[in-house]
Amino acid sequence: MPGPRRRGRRSCALIALAAPSASAWTGCWPARGRVEPRVASDARMVLAMRPSAPAALGSSGADVAEGEKVGVLLLNLGGPDTLDQVEPFLYNLFSDPEIITLPGAVRWLNGPLAWIIAKTRAPMSREGYKQVLDGGSPQLRTTLAQGAAIEAALSTRGVSAKSYIGMRYWHPYTDEALAAIKADGVQRLVVLPLYPQFSISTSGSSLRLLEHEYYQDQQLRLLKNVVIPAWYNRQGYVHSMARLIASRIDMLPEGERAGAHVFFSAHGLPQKYVQELGDPYQQQIEATVSFVMARLRVLGYSNPDTLAYQSKVGPVPWLQPYTDEKIKELAGGGVSSLVVVPISFVSEHIETLEEIDIEYRELAEEAGITHWERVPALGVEEDFIEDLASAVVEALPRMEQRPLQEIDEGRPVSLRVVNDLVSLRSKEEIGAEYGPVRVRNYRRGGFTPKAGGIK
């Protein structure tokens, strides 16, 4: 977490001090008990870039009935608005079982341990947050602006929608967003995590919490919904990133442009997530970099590039190469100009404004880098927002696809889908538009993209 700028300390918002408690991407998420990771040896991922649909294609309103209320729930990490909020924010962060996972017999220590860590780290973390807090959380300001921009873009596609924000570790929390969704009488909900790449520790944690809240509320269970679990391969996202990088290359002195090194820095993750739990994050990050560099080639840029991972915390090995080590290696190899790209971030916060802009830039200058340009987070970049709106429009019809359709077509489905079919009766039988007859005490405590939506 943020603190005095000294070598060997990395600010971090998503860290893991012990083994994560989720099972593989290809399996289910157990609510309690020992984890038995399952990694499919023949797992396949969609690594092709998806084209953006023109706004005109959404002019029909994606079959949304007139007057039907559509909600878009944006999920993100969250962060403190003031220095006084740093300690309770840290407590929320470290009390997440995906951050610190204890064996079942001592799981009751999770809260006390989180309290101790928060108390210990808070003074150091406040020093880091002093660098980035300017009238409130920069991430929240950006997320609010993104929500408003998505609403406007959906309006041009014939969809009248309202955005809601559910942060994982600070206000507005997920339950606050769901309360507003219920109060507004939303009839269709698209859940859109603002993490381009899926990871157990980011989108997965937010979606597991969302599901927990969802299944405790009968009114919410009747709400039509769908989740967009990842969008790293969408054309609008990729093209927006490439355009911002090109603009920063052009800001360098003319003699430095051709040889400038495009340095992608992604948030790190313990290797165990990928190697033992089947987390797709690394593969999706690498695919994103490939898509963006291919687009830069089309735009006429042939700069070399490197991908590294930042924010390592603790003694366990994380994804490599590490950002700080790679910066020193490139400088030692004669690189003089870096164009730094926060590839896994779509809003500015502690990892970009303090860790990259201050810590890594100081390190680069000490190592001999003479020209440094940092690509801003996407924020409300027009093509990016337009493409997120297109993703929402594309997702809306999927709410009508019942699990039985997948089974009828012979497509592989998760055990959860089959169990839901057993627990559901048709809407004609119960006189309800959509949803289960009764609430069962599901032991499953997580969420995977295999489900495709909260069923």
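Ser302 lies in the loop between helix H10 (281–298) and strand E6. In this predicted model, Ser302 is exposed, with a relative accessible area of 60%, which is above the 50% that marks an exposed residue. Although Ser302 and Ala258 are 44 residues apart along the chain, their C-alpha atoms are separated by 7.3 Å. The strand that follows this loop, E6, is mostly covered, since five of its six residues are buried.

## Confidence along the chain

The mean pLDDT of the protein chain is 79, and 74% of its residues reach 70 or more. Residues 1–45 stay under 50 in pLDDT, and the model nevertheless has 164 contacts for them beyond four places in sequence. Over residues 421–455 the pLDDT is likewise below 50, and this stretch has 83 contacts in the model beyond near neighbours in sequence.

## The sheet that contains E6

Strand E6 belongs to an open sheet of four strands, in the order E6-E5-E7-E8, with parallel pairing. Its edge strands are E6 (305–310) and E8 (371–374), each of which pairs on one side only. Neighbouring strands of this sheet are turned against each other by 25° on average, with direction ignored.

Within the sheet, E5 and E6 pair in the parallel sense over six bridges, and Phe264 has Leu307 as its bridge partner in E6. Strand E7 (residues 337–342) is joined to E8 by four bridges, and these two strands run parallel; here the bridge partner of Val340 in E8 is Arg374.

Two helices can be described against this sheet. Helix H7 packs on the sheet and touches strand E5 (261–267), E7 and E8, and its direction makes about 155° with that of E7. Helix H12 (residues 350–367) lies across E5, E6, E7 and E8, running at about 170° to E8.

## The sheet that contains E1

Another four strands form an open sheet in the order E2-E1-E3-E4, and the pairing is parallel. Strand E2 (161–167) and E4 are the edge strands, each pairing on one side only, and the twist averages 20° from one strand to the next. Strand E1 (residues 70–76) and strand E3 (residues 188–193) pair in the parallel sense over six bridges, with Val190 in E3 as the bridge partner of Val72. Helix H13 lies across E1, E3 and E4, and runs at about 135° to E3.

## Aromatic pairs and nonpolar cores

A pair of aromatic rings is described by the distance of the centres and the angle of the planes. The model contains five aromatic pairs, and two of these are set out below.

| Aromatic pair | Centre to centre | Angle between the planes | Arrangement |
|---|---|---|---|
| Trp170 and Tyr173 | 6.3 Å | 70° | edge-to-face |
| Trp231 and Phe384 | 5.6 Å | 40° | tilted |

Trp170 and Tyr173 are both buried, and Trp231 and Phe384 are buried as well. Trp231 lies in the loop between strand E4 (224–227) and helix H7 (235–250), whereas Phe384 lies in helix H13 (residues 382–395), so their pair ties together parts that are 153 residues apart in sequence. Ring pairs also bring in Tyr237, linking Trp231, Tyr237 and Phe384 into a cluster.

The surroundings of Trp231 extend beyond these rings: not counting residues up to four places away in sequence, Trp231 touches Leu192, Pro193, Leu194, Tyr195, Pro196, Tyr237, Val346, Phe384 and Leu388. Trp231 is also one of the residues with the most contacts inside the largest nonpolar core, which has 61 residues; the others named for this are Leu154, Leu192, Ile245, Phe264 and Ile343. Apart from this core lies another, of 18 residues, among them Val86, Tyr169, Tyr173 and Ile350.

Some residues of these cores have already appeared in the account above. Phe264, with its many contacts in the largest core, is the residue whose bridge partner in E6 is Leu307, and Tyr173, a member of the core of 18 residues, forms the edge-to-face pair with Trp170.

Terms used:
Residues are numbered from 1 along each chain as its sequence is written. This is a predicted model: local features need pLDDT of at least 70, side-chain atom pairs count only at pLDDT 80 or more; totals for chains, interfaces and linings use all residues. Side-chain values use heavy atoms; hydrogens and water are left out. Rings of Phe, Tyr and Trp (its six-membered ring) pair if their centres lie within 6.5 Å; planes under 30 degrees apart count as stacked, over 60 as edge-to-face and the rest as tilted. Buried means under 20% relative accessible area, exposed over 50%, partly exposed in between (1.4 Å probe, protein chains only). A nonpolar core is a set of buried Ala, Val, Leu, Ile, Met, Phe, Trp, Tyr and Cys residues joined through side-chain atoms within 4.5 Å. Contact means heavy atoms within 4.5 Å. Two strands pair if DSSP finds at least two bridges between them. Axes are lines fitted to C-alpha atoms, for helices over the stretch in contact, and angles run from 0 to 180 degrees between N-to-C directions. pLDDT is the predictor's confidence in each residue, from 0 to 100.
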